[in-house]
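Me: Could you take a close look at the ligand site for me, and then tell me about the nonpolar packing in the rest of the protein?

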Amino acid sequence: MGKTSKDKRDIYYRKAKEEGWRARSAFKLLQIDSECHIFDGVSKAVDLCAAPGSWSQVLARKLTENYKKALEKGPASKPKIVAVDLQAMAPLEGVIQLQGDITNSSTAEQIIAYFDNSRADLVVCDGAPDVTGLHDMDIFIQSQLLLAALNIATYILRPGGTFVAKIFRAKDVSLLYAQLRIFFPYVYCTKPSSSRNSSIEAFVVCKDYSQPEGYEPNMLNPWMMEDSWDFDKLTGVNRTIVPFIVCGDLNQPDSDMSYPLNYDGKEYKYHEPVQAPIAPPYAEALLMNRKRAEKSVSTFNENNVDVDLSTLD
Ligand code: SAM
């Protein structure tokens, strides 16, 4: 294949090089902005999973434009952009860079430290795992990146702030939307035209960040996977974010209790199971057991011992 074949196949790859973007992904963020206006009034932003840095380039350009416009009206705060990735990134003017894993609490704490007592207006995350080809696995890892990004956002976004993140539109995507809706009244899913149709990637644009009353961000272990996690320490809304609904009449029998056979006052009568398993995986083991038992019975019978084979299953 010649040098130009990728330029022919991928117009955005070609345009990115022509316009000086480090990756074709720049167009995705620009197209999201043209529809959803995510940069309006933004002066502080975090770019999660940022390498090689085209989204950071877009942020640097847009936030500088905002700064210049704001200066025309009076004093304005300088843009602040923090970019993070597992991989090292070549330096970019006006962008603070951190190398680390966003699912790791120490990386998250470093990002939070950069904001000290201030807050970000915008958090973006274009995180994607190295695709394994095992779709369920890739989708799961992608969702964990999104949740890690959301967790970091709950620390540093100002009320009213915006969160934009890559999402895989797969089977359980509604669960992710529901989790996002806990923090953002407006959650949209968008697919920029620069994102290939063949890819299940899309982007969530979540606006107007509002923490549920009493919610406290928690960096200990948002996914409750560490042994040290102590769920009992959580209180109020932090403990029960997701509504839980009990179904069924409380007068019905309790499935965890043992009851006498005549518990309802009626005479007990045994019933066969309505449908026995047709080909249970344990059938072969039972057959082997039975054959072994029959063999030993014949030995017993030589000694006139009576054995009931039905008890052997
Ligand atoms: N938005 C970037 C740009 O415009 O240049 C492209 C991002 S690229 C599609 C996905 C990035 O996610 C990769 O650079 C990868 O290293 C990063 N990534 C994946 N898992 C990560 C993690 N756990 N922590 C930090 N970065 C991660």
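Reply: Happy to! In this predicted model, Trp55 offers a backbone N or O atom that lies 3.1 Å from an oxygen atom of the ligand. Ala51 does much the same job of polar contact through its backbone, with an N or O atom 3.2 Å from a ligand oxygen. Asp85 uses its side chain instead: a polar atom there sits 2.6 Å from an oxygen atom of the ligand. Taken alone, the ligand exposes 600 Å², and the protein buries 88% of that.

Stepping back to the whole shell, 18 residues surround the ligand, and the closest are Gly53, Ser54, Asp85, Asp101 and Asp126. Sorted by class, this shell holds nine nonpolar, six polar and three charged residues.

Now for the packing. The largest nonpolar core has 37 residues, and Leu48, Ile102, Ile111 and Phe163 have the most contacts inside it. Among the elements that give two or more residues to this core are strand S1 (44–48), strand S2 (80–85), helix H5 (105–115) and strand S5 (157–168). Helix H6 provides the largest share, nine residues.

Phe163 is a good residue to click on. Leaving aside residues up to four places away in sequence, Phe163 touches Val123, Leu146, Ala149, Leu150, Ala153, Leu157, Leu180, Phe184, Val204, Val205 and Cys206. There is also a second, separate core of 28 residues, which includes Ile38, Ala45, Leu63 and Phe203.

Key: Residues are numbered from 1 along each chain as its sequence is written. This is a predicted model: local features need pLDDT of at least 70, side-chain atom pairs count only at pLDDT 80 or more; totals for chains, interfaces and linings use all residues. Side-chain values use heavy atoms; hydrogens and water are left out. A residue is near a molecule or strand if one of its heavy atoms lies within 4 Å of it. A polar contact is a pair of N or O atoms within 3.5 Å; within protein, one must be able to donate a hydrogen and the other to accept it, and residues adjacent in sequence count only if both atoms are side-chain atoms. Accessible areas come from the Shrake-Rupley method with a 1.4 Å probe; for residues, only the protein chains shown count as cover. Ala, Val, Leu, Ile, Met, Phe, Trp, Tyr, Cys and Pro count as nonpolar, Asp, Glu, Lys and Arg as charged, and the others, Gly among them, as polar. A nonpolar core is a set of buried Ala, Val, Leu, Ile, Met, Phe, Trp, Tyr and Cys residues joined through side-chain atoms within 4.5 Å. Buried means under 20% relative accessible area, exposed over 50%, partly exposed in between (1.4 Å probe, protein chains only). Helices (H or I, at least four residues) and strands (E, at least two) are DSSP runs, numbered from the N terminus. Contact means heavy atoms within 4.5 Å.
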